[in-house]
Structure formats: C-alpha cells, structure tokens
Amino acid sequence: MAKHKTPLLDQLESGPWPSFVSDLKQQAEKRAKNVEGIEFQIPVDVVDDLLGLLELSFKQGRTHWKHGGIVGVFGYGGGVIGRYCDQPQMFPGVAHFHTMRVAQPGGKFYTSEYLRQLCDIWDLRGSGITNMHGSTGDIIFLGTTTPQLEEIFFELTHNMNQDLGGSGSNLRTPADCIGQARCEYACYDTQDLCYDLTNEYQDELHRPAFPYKFKFKFDGCPNCCVASIARADMSFIGTWKDDIKIDQKAVQAYIGGELVPNGGAHSGRDWGKFDIQKEVIGLCPTGCMVMDGKTLKINNRECTRCMHCINVMPRALRIGNERGLSILAGAKAPILDGAQMGTLIVPFIEAEAPYTKIKETVIEPIWDWWMEEGKNRERLGELMKRQGLQKVIEVLGVDPDPRMVQEPRSNPYIFWKEDEVPGGFERDINEFRKHHLR
Amino acid sequence: MAFISSGYNPEKPMENRITDIGPRKYDEFYPPVIAKNKGKWLYHEYLQPGVLVHVAESGDELYTVRCGGARLMTTTHIREICEIADKHCGGYFRFTTRNNIEFLLDSKAKVKPLLDDLAGRKFKGGSFKFPVGGTGAGVSNIVHTQGWIHCHTPATDASGPVKAVMDELFADFQQHRMPAHVRVSLACCLNMCGAVHCSDIAILGYHRKPPMLDHEYLDKMCEIPLAIAACPTAAIKPAKVEVKGEKLNSVAVNNERCMYCGNCYTMCPSMPLADTEGDGIVIMAGGKVSNRISAPKFSKVVVAFIPNEAPRWPQTAKVIKGMIEAYAKDAQKYERLGDWAERIGWERFFEKCELDFTHHLIDDFRDPAYYTWRQTTQFKF
Ligand code: HEM
Ligand code: HEM
Ligand code: HEM
Ligand code: HEM
Ligand code: SF4
Ligand code: SF4
Ligand code: SF4
Ligand code: SF4
C-alpha cells in the first residue's frame, strides 16, 4: 500500500515514455519490502514521502523546497546542495533531502560493476534516487541527511577512488563529448583533455576562489554535441587546419545511391534521390565546393569547417590531419544585458598531452585576469564585455586577428592609448595659441 | 536503524582523509572494442532509429543501441540497466548528454536479442522502461533540470512536463522523418541550470509575481545585505516597516524592476515567490548550438505564457507538437527549426505554427532589444 494517495502523479504512469512516477513507486515498494535486509541510514519511507510531497506540488502548482543553507563536506566549498522541505511534519522522510554531485567519468562510460557499487552506497545511505545525470554532467545523488554526507564522501573516496564534483563559485565539473572513443569527427581526445584539466585544477574545483562559477566543456568538432559554445565560460572545440580528405569513389557511391547520405539519419521519409548539388554543394555556407566532372573539389582555404558536407557524406569526406582546437570564451546568461555565446579567443592551438600550452598560455592568464579584475558574481563573459576583447588579447599576449571578430567596428569611437599617438596627450596650449588666436 | 560508520571519525576529520582525486579515469570503463579502436573510427551509420554502427579502420564494428530514459532514475532502475548490460554486452554502457542510455555491443548478432529484450521491459503503469530511438533526424530526449522534485525556485515542474511532452512526441523519438535534428530542453526557472537558450524548442518555467515579504521574520532569518546584493536588477532596498506596532528592519522590492528570478529567495527564505496563478511556462524556439551550415543561435520567445496544468500540461504539449508538425511539413532537408523560421520569416512562422503574436514577444529588455526590431522595408504580407 502506498503511503500517500497520488491521483495526479498516477496520471503520469500511462503513455509510452518511461515514467519517473512508476520508477519512484517501484523504488518505494522495494525499500518497504527490503528483501535484502539493508540497514537504511535515512528514513525507509523517503521515496513515499517524496511522492507525497510532489503530489502536493502538483495540486498547488508550487514547490515545497527551501534553500539549503550551508552543508557540505569538510574542506570542500561545493559538491553538496542543501535542501529542506517546508512541510516536514507531513513528510518527515524528506525533511532533510540534500544532493551530492559525484564527478562523472569522461564520456559517461560505465561498467555495471562500478555503478552497482555506487548504488550500494546510495541505497544504504540515501534515498536511492539519482539523476543520471545533472545538467553540468555530474552523477547526482538526490536526497540524504546531513550526518550521511561525510560517510558517503568517505566511502566514495576510500572504497571507490571517486571524488565529488564542483558547485559554487569555482570550477564546475568539466564535461566532454564522446569524441574519439567513438566518433570519427573528433579532432582531439576530448576525454583526455577533460580528465587532465579536471585533475590539474582540483583545487579550483573544490575550493571557491573565483568571482563566480566557471565552466569548461569539450566538443570534439564544430557539431558541438555538448553545446560548449553556449554553456561554457571556456569552450574547447576541435578543428583542423589542412584539407578535408576526399575519397572520390565514395563520393560517386553517394551520388549513385549505394551509400545513404548522413549515415541514414533521414531514413524516415522519402526525400527523393540524393542530389549532391542541392544537398551538399549548394548548402556549403562558403560556396567552396564544386563538381569538376566526376571529381568533387574543395577549395580548402575558403572552407570554414562547418561540418555539413562531412556530416552528409561521412564515408567520402574526413576531417583533415593537422588537428587541434579552437578556444572560445565568455558564454553566459542574458542577465543582464543579453545572453552571450562564446567568443573565439584562440583560433587554433595544438591539443597534445600534457597540454602545457593550453594551461599556461590560455587558461591561467585568463583566470589571473578574471580573479584580479572580476567583480563578485561577474562571469568571465561579463568581464570581457566590460573591459573589451582588446583586453583579452592583451592578457593572452597575442596579436589581434580578424578571425576573432564577426566584423570590424562600425563606429569610429576608438579609445587611443596615449603612447599610440605621437607626442602623447600633454600639449602646450601657449605654443598652440601662437598659431591660433583666442 | 543503527548508525553504520564508514570509518570516518568526526572527531578527526582529517584522519585518513582523501581529497582532490577527481573522477575515475574514462578508459577504465571503455569496452574492449573502444579501447582498441579509439581515434581510429572510419564512419558511422544508423541501421534503424536508435541503432548505430561505427566501423573502425581495423574493420572492427561497434553497435550502439540508444534508449530514452528519465534522468530522474532510481537505483532499482540503474540495477536493471546493469543487469541488461551484463546479459548482452559484457556490462558496458554509457549515458549521452541528453540522458539517453547506450548499450555498447561488439557484434551485430547481439543487437536483435537486446532489442527484443528491451521491448519487453515495461513499468507496472505500462510505460516503456527502455524505448529505443533518439538518433538522427528525429526528436531526441529532453534535457531538463530539477523542478518541484528538488529545487526551491522552480516556476514549473521538470520531470512532469517532460514526461507529458515526450509522450506526445514519442513517435518522432523512434523515427527519422524530421528535416534535421530537433532538440527540446526544459529549465524550470530563468536561472536555466540546463541552458535551454539554444534549443530548437525550449520550455522555460517563469514566475510572474515579485517575491512576498515575510517582514516579521525577514531580519531574523536573512542577512539583509546579502538579499539586496543578490538582486540582478537592484530592485531591493533596505526598509523599516511596522508590523503589529513593532518597528522592524526589512526590505522593500521595487516591483517594476523585478524580473522574478528568485535570486533573493535563494539568499533569503523570507522572500518566497512561488504562486499558483503567477507561475507557468514560456516557450522558446529556433536556437541551436551546432556550427553546421549556419552559426549557433539563441532560441526566441514564441509563447509568452502557458499556465501550469499539472499533471499533463496539455497546452504546452499541444503547442510544441504543433510547431514540430509545421516544421516537419514545411522545412527543407537539413534545415534546423531556427534556420527554417529565418528563411520563411518570423511573420510566417507565427502563421504556420498558428501562434498568436503578442506584445510580450517584442524585446524591450535593455540595449540589444533595439536590434531585434525590423530595420528594413523587407517583410512579408
Ligand atoms: C544565480 C542564479 C542561480 C541560482 C540561484 C541557481 C541555483 C541552483 C540551485 C539551487 C540548484 C540546485 C537544484 C537542486 O538540485 O535542487 C542549481 C543546480 C544547478 N545549476 Fe544553478 N542556479 C543559478 C544559475 C545557474 C546557471 C546560470 C547555470 C548554468 C548555466 C546553472 C547551472 C546549474 C546546474 C547545471 C545545476 C544542476 C542541476 C540539475 O542538473 O538539474 N545554475 N542551481
Ligand atoms: C533569449 C532569452 C534567454 C536566453 C537565451 C537565456 C539563456 C541563459 C543561459 C544560457 C543562462 C546560463 C548561462 C550560463 O551562465 O552559463 C542563463 C542564466 C540566467 N538567465 Fe537566462 N536566458 C534568457 C532569458 C532570460 C530572461 C528573460 C531572464 C530574466 C528575466 C533570464 C535570467 C537569467 C538569470 C538570472 C540567469 C543566471 C545568471 C547568471 O548565472 O549569470 N534569462 N540564461
Ligand atoms: C560615426 C561618426 C560619424 C561621422 C564621422 C559622420 C560623418 C558625416 C559626414 C562627413 C557627413 C557629411 C557632412 C556634410 O555634408 O558636410 C555626415 C552627414 C550626416 N550625418 Fe553623420 N557622421 C557620423 C555619425 C552620425 C550619426 C551618429 C548620425 C545620426 C544618428 C549622423 C547623421 C548624419 C546625417 C543626418 C547627415 C546628413 C546626411 C545627408 O545630408 O544626406 N551621422 N556625417
Ligand atoms: C546537425 C549537426 C549534428 C550532427 C551531424 C551531429 C552528429 C553527431 C554524431 C555523429 C554523434 C555521435 C557520435 C557518436 O556517438 O559516435 C552525435 C552525438 C551527439 N549529439 Fe550530435 N550532431 C549534431 C548536432 C547536435 C546538436 C545540435 C546537439 C545538441 C544540442 C547534439 C547532441 C548530441 C548528443 C547529446 C550526442 C551524444 C554525445 C555524447 O553523449 O557525448 N548534436 N552527434
Ligand atoms: S562534438 Fe563532434 S566529435 Fe564530439 S561527438 Fe559530436 S560530432 Fe562527434
Ligand atoms: S565543411 Fe562546411 S564550409 Fe567546409 S566544405 Fe564542407 S560544407 Fe563547405
Ligand atoms: S532551473 Fe531554476 S528552478 Fe530549475 S533546478 Fe535550476 S535553479 Fe532550480
Ligand atoms: S526575484 Fe530577482 S529581480 Fe525580483 S527582487 Fe528578487 S532578486 Fe530581484
């Protein structure tokens, strides 16, 4: 018997899409039965009470959670989010319901052995409810009490060689696309760079020292499967410098219909016979492709590596060999003057372990500048806006590059530096007046 | 229940403490076929919606079966995933950034038995546990945030609307009939933990009333300067108020400046803003993050407000379904929803999607607003 009646939530059990309500109910039942005889460290009926509380929110259209105040594990500034329910008498099982962020492995690859171990800890010491995964990328343990936090941390670190993720004004848990592990488009090893930087900057991740949050995200190519360009203070997007490799035989196979375009992504509808002129050459944003008789030609100097042709004909076209990545910075919220995408600050940099150049010539100078000049709760993108792209260029010590802008300025209000103008700003008015009467 | 110690000693927190070890290393979890062929993949193909094959230079093949999942997931469900992975693919699987589950198989022969097994697994209430799909030119899983299940500032639920909308879009999760990818996201308040701002379709929870002020408790429960500093629009100032004859330190909110973000409530529990009628959903459309053909772009607000209609949010689901159908019917192959809207013009977009254009949709927020108004004589009747 369910502890609380949930007539509204019950309506979310029907329909084909996996029902979180059904899942929560099976969990509630499993805890109540407790066949394995687990010595639950938080209330047995935590899941029942969560369902009851959620039903109340559904009825009223209002949340019943209060902000958590400061809870956490010793020495860390993040990784735990405190949460209390505002109806603890009615739902004592979720009176305290904190979350923990567990740092996810790169590419979100798992073995059943590892996840079962995590489940064992979480069944014993928490609600058994998770997010696989939170939007930052972490595994989220949803719902435990304060005394369990250190215990869980201890078991994670001692028994599973596993740390918490970041929250607060620090480096957030970095996240990557699947990249070279499975994707032929990947221009660098996203998982390795992500792992390397995550470990290099553990201190920044666990101990808030920044003006505000900071996110790294890693996309292996400009398709941007983890949306780095929109979501990260610093995005690392794979790219290449040389020529797209062409297999002319395969091009003909696409034209002839032996190979299906876009790997079969459009198989659900009859779009007619594949037309390379219309679907590839005509859609190339730079117009840099032509069919010369039976040969597909790309003027690679003009290609902007948008990925379209490669996406359509993956067996005929392959990314180039001189690979690396572009770094963009400053994506952020519209608050307050509008949302921002990342701005290209490094058009190309090599991405070979140990990534010293990326760390020492890009990440660290940018952080130093932001920590020096950033106001409290000022995202990197806001500081960039306040002090200008020129300042970023100065901080990085690079030459200005038209690749960094969409277009040059359309106002002439240039703030010249005094030393750029011969003779400087200090002038002798009396000398001037000798030639220009008052 | 007896307290079970992990070995942690609260008297000496630093004793044997292990910190700063980071996540487990990615390659501990690679299935052998990936460990062997990493960085040497030649091409991929979708064998059917939800089933991919990747072929390596070595000739090795990797088969992936992708299933939808609710990201809110219990250990019971995770254990079932583990059991399936043990049975069919040596215990190896992964999750995608859009909360899909991927089983990783090293031979084609293993695909069909897995598909059959997955098709038979249903929750008691009747829904699929592991619907296969989410690939190619279709609708993938919705990425979302916490909502009423765990957060203090949501203006709508997350898991509920996601379930309702995915039920509506389910056929297209399992098909490839769209002109291009369709990415739907949900964030339950404008803090947008989930960054919904660059999705083909975004569902955004939005409050419409400024916070209430619990003057009697405010000074006792909150650091007033922190609440004031939290406000992004500087709408809060200190105020002296009189409650039941007692003079109290509190705050005043300039309602006209308030953007209902809830940051003050995060700092100060005496400033709640949730409201049954005030809260609801904003629909945005036309964003993307991929650099393919056109540059990444933001989603635009296309419906200013839909009330919270728990448990199944019918209007929200209907509006989204309507937009997707209009797009599927009218857009050209490879054209993302936002590219389609820009090609036909937003005036046509509203017409074709049968959406009302109201004054709320005209940007009036600070400087950039001007540049979203029409500055040419080119428009369509
Ligand atoms: C200043 C405004 C913000 C406040 C007050 C805020 C508050 C919160 C809170 C309370 C949570 C915990 C939700 C829970 O688990 O109960 C959360 C989670 C999170 N926040 Fe924020 N947040 C803010 C802005 C942002 C922004 C701008 C982003 C990113 C773009 C972000 C990203 C996240 C992510 C990724 C999570 C994990 C939650 C999930 O996966 O659902 N937050 N935030
Ligand atoms: C075109 C519309 C919008 C887009 C594209 C958008 C996008 C975003 C994104 C991407 C973030 C998190 C970015 C990050 O920090 O990594 C965010 C955060 C936020 N958004 Fe929005 N949003 C939009 C509308 C709004 C509106 C209308 C408001 C308020 C009225 C708002 C208030 C906020 C706030 C308060 C945050 C957290 C601030 C911060 O962490 O800096 N957003 N938004
Ligand atoms: C960016 C700095 C600007 C420069 C260097 C500039 C320069 C000029 C020049 C050289 C002329 C021709 C003057 C003449 O015939 O003697 C002119 C005309 C004019 N400018 Fe500007 N201008 C600037 C900004 C503006 C701005 C901001 C506005 C209005 C918002 C403006 C409005 C006009 C108008 C209305 C005319 C007369 C046009 C005509 O006779 O057809 N200008 N400007
Ligand atoms: C239109 C251009 C796009 C193409 C051609 C494309 C192509 C691909 C390919 C080939 C993969 C599979 C890599 C692999 O698993 O082997 C992939 C994965 C993925 N894509 Fe895209 N993609 C595109 C746009 C997007 C966009 C715009 C999003 C999200 C907003 C997205 C989200 C994803 C996600 C979540 C994955 C799984 C990756 C992971 O979990 O690491 N893709 N994409
Ligand atoms: S971002 Fe590029 S490299 Fe990474 S998974 Fe997507 S398509 Fe592949
Ligand atoms: S990658 Fe894009 S710009 Fe380059 S040739 Fe292909 S379609 Fe054209
Ligand atoms: S989007 Fe807002 S309400 Fe939803 S989980 Fe994030 S902070 Fe909470
Ligand atoms: S809800 Fe946001 S804008 Fe309104 S008073 Fe609070 S902090 Fe300020």
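The link between Cys222(B) and Cys268(B) is right-handed, with 65° about the S-S bond. I should say at once that this is a predicted model, and that every value I quote is computed from it. The sulfur atoms of Cys222(B) and Cys268(B) are 2.1 Å apart, and the two residues are joined as a disulfide. The pair connects distant parts of chain B, with the two positions 46 residues apart in the numbering. Cys222(B) sits in the loop between helix H5 (215–221) and helix H6 (224–230), while Cys268(B) lies in the loop between helix H7 (263–267) and strand E11 (280–285). Both cysteines of the link are buried.

How many disulfides does a search of the whole structure find over all chains? The search returns one.

Let me turn to cysteines elsewhere. Why does Cys194(A) not form a bond with the closest cysteine sulfur? That sulfur belongs to Cys177(A) and is 9.9 Å away, which is too far for a bond, because a disulfide requires the two sulfur atoms to be within 2.5 Å. As to its surroundings, Cys194(A) has a relative accessible area of 5% and is therefore buried. Cys231(B), at 17% relative accessibility, also counts as buried, because the limit is under 20%.

I come now to the interface between the two chains. The size of an interface is often given as the accessible area lost when the parts come together. For chain B and chain A, the area buried between them is about 12,300 Å², and carbon and sulfur atoms account for 58% of it. In terms of residues, 134 from chain B are in contact with 136 from chain A.

What of the polar side of this interface? Ten salt bridges are found across it by the rule. One of the salt bridges between side chains pairs Glu150(A) with Arg17(B), at 3.2 Å from N to O. Between chain B and chain A, 77 residue pairs are in polar contact, with both residues at pLDDT 80 or more.

Which elements give two or more residues to the side of chain B that touches chain A? They are strands E1 (41–48), E3 (61–67), E4 (72–74), E5 (92–95) and E6 (101–105), together with helices H2 (75–89), H4 (159–173) and H7 of chain B. H2(B) provides the largest share, eight residues. By class, the side of chain B that touches chain A comprises 63 nonpolar, 42 polar and 29 charged residues.

Notes
Residues numbered from 1 in each chain as written. Chains lettered and ligands numbered in written order. Predicted model: local features only at pLDDT ≥ 70, side-chain atom pairs only at ≥ 80, totals over all residues. Heavy atoms only, no water. Helix = DSSP H or I, 4+ residues; strand = E, 2+ residues; numbered from the N terminus. Buried < 20%, exposed > 50% of the residue type's maximum accessible area, 1.4 Å probe, protein only. Contact = heavy atoms within 4.5 Å. Buried area = accessible area lost by both parts, 1.4 Å probe. Salt bridge = Lys/Arg side-chain N within 4 Å of Asp/Glu carboxyl O. Polar contact = N/O pair within 3.5 Å; in protein donor to acceptor, adjacent residues only side chain to side chain. Nonpolar A, V, L, I, M, F, W, Y, C, P; charged D, E, K, R; others polar.
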